[in-house]
Amino acid sequence: MEISNQESTEAYLGDFASALDTPLRADALELDDDTKIELIQKHFAGIMDILGLDLNDDSLKDTPKRVAKMYVKEIFSGLNPANKPVPTLFKNPFNYNQMLVERNISVYSNCEHHFVPIVGKAHVAYISNGQVIGLSKLNRIVQYCSQRPQIQERLTVQIANAIKEALGTEDVAVIVDAHHHCVSSRGIRDVNSSTLTAEYCGRFLKPDVKNEFLKYIG
Ligand SMILES: [Zn+2]
């Protein structure tokens, strides 16, 4: 069957727009955290059991519970909007209307294809439209978006969107430079490569503004 160019482009853009959201089911928030932990604990014990591990062993017996708590309360806590950081905004008393850049924000995420770590740095920037955000909140936004099963492209766009929403500005840029354990610890086993993704919005689409940002992050 022939698909016209226009149709296939639209299909692609449609997929791309929805790909910016983490693919969650509508009933994702129906179970509370304690129930999720209880269920994951059982399932993880099942995986360990199938692998032949002795769940009566002192060192292993609490692993299913530890993993379940870690999933729900830590590394996948960003799936729950209740954990979204509340931005602390300040008036911009000095009328600082230049670019603000925060470099080298730690990124700890997990690849949604293999459930192994993605570790790296994010560099984020914005141009104030009258308000400034507490600097640690930029770290919190990066953390919140990272604490989901991710692909790096989506993570980068989600961080940019969260900063735009918090500050009410389009003038945001995000670069993520990360190392994927699914590339280093398995598969091709390349420990040296890292992946760079960037999202430029608003005034950061202008080459001189983008270049200023790139110069700052060195
Ligand atoms: Zn992977």
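Start by selecting the zinc ion: its protein donors are C111 through SG, H114 through ND1 and C182 through SG, at 2.1 to 2.3 Å from the metal. Keep in mind while looking that this is a predicted model. Along the chain the zinc donors are spaced as C-x2-H-x67-C.

Colour two of these donors by accessibility. C111 has a relative accessible area of 4% and is buried, since the cut-off for buried is under 20%. H114, in contrast, is partly exposed, at 35% relative accessibility.

**Around the zinc site**

Stay in this part of the sequence and select strand β2, residues 99-111. Within this strand is N104. Check its backbone: N104 is not a glycine, yet its phi is positive, at about 55°. The relative accessible area of N104 is 44%, so this residue is partly exposed.

Now move along to F115, in the loop that joins β2 to β3, the latter spanning residues 117-127. Here too the backbone deserves a look, as F115 has a positive phi near 55° and is a residue other than glycine. F115 is partly exposed, with a relative accessible area of 41%.

**The whole chain**

Zoom out and show the cartoon. The protein chain has seven helices and seven strands. Following the ribbon along the sequence, the order of elements is α-α-α-β-β-β-β-α-β-α-β-α-β-α. Along the principal axes, the C-alpha atoms fill a box of roughly 60 × 55 × 40 Å.

Colouring the entire chain by accessibility shows how much of it is covered: of the 218 residues, 34% are buried. For a contact map, take residue pairs at least 6 apart in sequence; 68% of those contacts join residues at least 24 apart.

**Helices α2 and α3**

Select residues 33-50 for α2 and residues 63-75 for α3. The two helix axes come within 8 Å, and they cross at roughly 135°. This angle makes α2 oblique to α3, because a pair counts as roughly antiparallel only over 145 degrees. The crossing of α2 past α3 is right-handed.

Show side chains at this contact. On the α2 side, the residues to display are D33, K36, I37, I40, Q41, F44, A45 and M48. Facing them from α3 are T63, P64, K65, V67, A68, K69, Y71, V72 and K73. Sorted by class, the α2 contact with α3 has ten nonpolar, two polar and five charged residues.

**Loops on either side of the helix pair**

Go back from α2 towards the N terminus and select R25. This arginine lies in the loop between α1, residues 5-18, and α2. R25 is exposed, with 61% relative accessibility against a cut-off of over 50%. For a sense of scale, draw a distance from R25 to K210: the C-alpha atoms are 37 Å apart, and the sequence separation is 185 residues.

Then go past α3 to G78, in the loop that leads to β1, residues 89-91. G78 is buried, with a relative accessible area of 2%. Leaving aside residues up to four places away in sequence, the residues that G78 touches are Y144, Q147 and R148. A second distance can be drawn from G78 to R154, which lies 76 residues away in sequence and 14 Å away in space, C-alpha to C-alpha.

**Towards the C terminus**

Select helix α5, residues 152-167, and within it K164. Is this lysine buried or exposed? K164 counts as buried, at 14% relative accessibility. Beyond residues up to four places away in sequence, K164 touches T169, E170, V172 and C201.

The last stop is R203, in the loop between β7, residues 195-200, and α7, residues 207-217. R203 is partly exposed, with a relative accessible area of 37%. With residues up to four places away in sequence not counted, its contacts are I127, D171 and V209. To finish, draw a line from R203 to G218: the pair are 15 residues apart in sequence, and their C-alpha atoms are 20 Å apart.

How values were computed: Residues are numbered from 1 along each chain as its sequence is written. This is a predicted model: local features need pLDDT of at least 70, side-chain atom pairs count only at pLDDT 80 or more; totals for chains, interfaces and linings use all residues. Side-chain values use heavy atoms; hydrogens and water are left out. Donors are N, O and S atoms within 2.8 Å of the metal (3.2 Å for Na, K and Ca); water is not among the atoms, so sites may look incomplete. Buried means under 20% relative accessible area, exposed over 50%, partly exposed in between (1.4 Å probe, protein chains only). Axes are lines fitted to C-alpha atoms, for helices over the stretch in contact, and angles run from 0 to 180 degrees between N-to-C directions. Helices (H or I, at least four residues) and strands (E, at least two) are DSSP runs, numbered from the N terminus. Angles under 35 degrees count as roughly parallel, over 145 as roughly antiparallel, 65 to 115 as roughly perpendicular and the rest as oblique. A crossing is left-handed if the near helix is turned anticlockwise from the far one by less than a right angle, and right-handed if clockwise. Contact means heavy atoms within 4.5 Å. Ala, Val, Leu, Ile, Met, Phe, Trp, Tyr, Cys and Pro count as nonpolar, Asp, Glu, Lys and Arg as charged, and the others, Gly among them, as polar.
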